[in-house]
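Let's take a friendly walk through a protein structure together. Have a look at the sequence and the 3D view, and then read on.

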Amino acid sequence: MYSTHVSCALLVSIVPTALALPASDSDASKAVILSLKRATTASIVDIDYIEDAGGRWFTDVDIGGQDFWMMVDTGSGDLWVYGPEVENPGNIRIYTPTTRPVRAEKFEVRYGIEGREIVSGIVVKDTVGMGSVSIGDVPVEVATDVSVYLPADGSLGMGHSNS
């Protein structure tokens, strides 16, 4: 099994969302810069590259006081976790919402060829943390229907949102 462990700087500031991940081992010393919209502070966040998991990046994320091992997705802006209505295929952690859904807002994310693999559910707002940085009132997508399972507890979208 090939894996790389990288400690990255997390910067939360008042500028639009942006993320730069190391493209290769030679770039592993580059910092991940995540800019959210609420506060200005910095923290160190560990991000792991695991080749056996399809060559993907993973990190720990705290959502509503619950810890999750999340796949970092630079192709979407969606932050989603498996909800209590999803049949647990094994070792994934299930998110228990600590708040009510945001009105009747629902989400749908499509993966794979022609978007045939779908994750859908409801949207809640909760506190999301990475390292020593926590942001409140963040939209969290809670999966209620899943046709594809990730090798993680959910997806941390770091790309631009389509909405």
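The paragraphs below visit a few residues of this predicted model.

Let's start with threonine 59, which sits in strand β3, a strand covering residues 56-63. Is threonine 59 buried or exposed? Its relative accessibility is 1%, and buried means under 20%, so threonine 59 counts as buried. Now see what surrounds this residue. Leaving out residues up to four places away in sequence, threonine 59 touches Val45, Asp46, Ile47, Phe68, Trp69, Met70, Val72, Met130 and Leu156.

Next, turn to proline 139, found in strand β8, which runs over residues 133-146. Proline 139 has a relative accessibility of 47%. Values from 20% up to 50% lie between buried and exposed, so proline 139 counts as partly exposed. Which residues does proline 139 contact, once neighbours within four places in sequence are set aside? They are Leu79, Val123, Val124 and Lys125. You can also look for aspartate 126, which is 13 residues away from proline 139 along the chain. In space, the C-alpha atoms of proline 139 and aspartate 126 are separated by 6.7 Å.

Our last stop is about aromatic rings. How many aromatic pairs does the structure hold? There are 3 of them. One of these pairs is formed by tryptophan 80 and tyrosine 82, with 5.0 Å from centre to centre. The planes of these two rings are at 85° to each other, and the pair is edge-to-face. Both tryptophan 80 and tyrosine 82 are buried.

How values were computed: Residues are numbered from 1 along each chain as its sequence is written. This is a predicted model: local features need pLDDT of at least 70, side-chain atom pairs count only at pLDDT 80 or more; totals for chains, interfaces and linings use all residues. Side-chain values use heavy atoms; hydrogens and water are left out. Helices (H or I, at least four residues) and strands (E, at least two) are DSSP runs, numbered from the N terminus. Buried means under 20% relative accessible area, exposed over 50%, partly exposed in between (1.4 Å probe, protein chains only). Contact means heavy atoms within 4.5 Å. Rings of Phe, Tyr and Trp (its six-membered ring) pair if their centres lie within 6.5 Å; planes under 30 degrees apart count as stacked, over 60 as edge-to-face and the rest as tilted.
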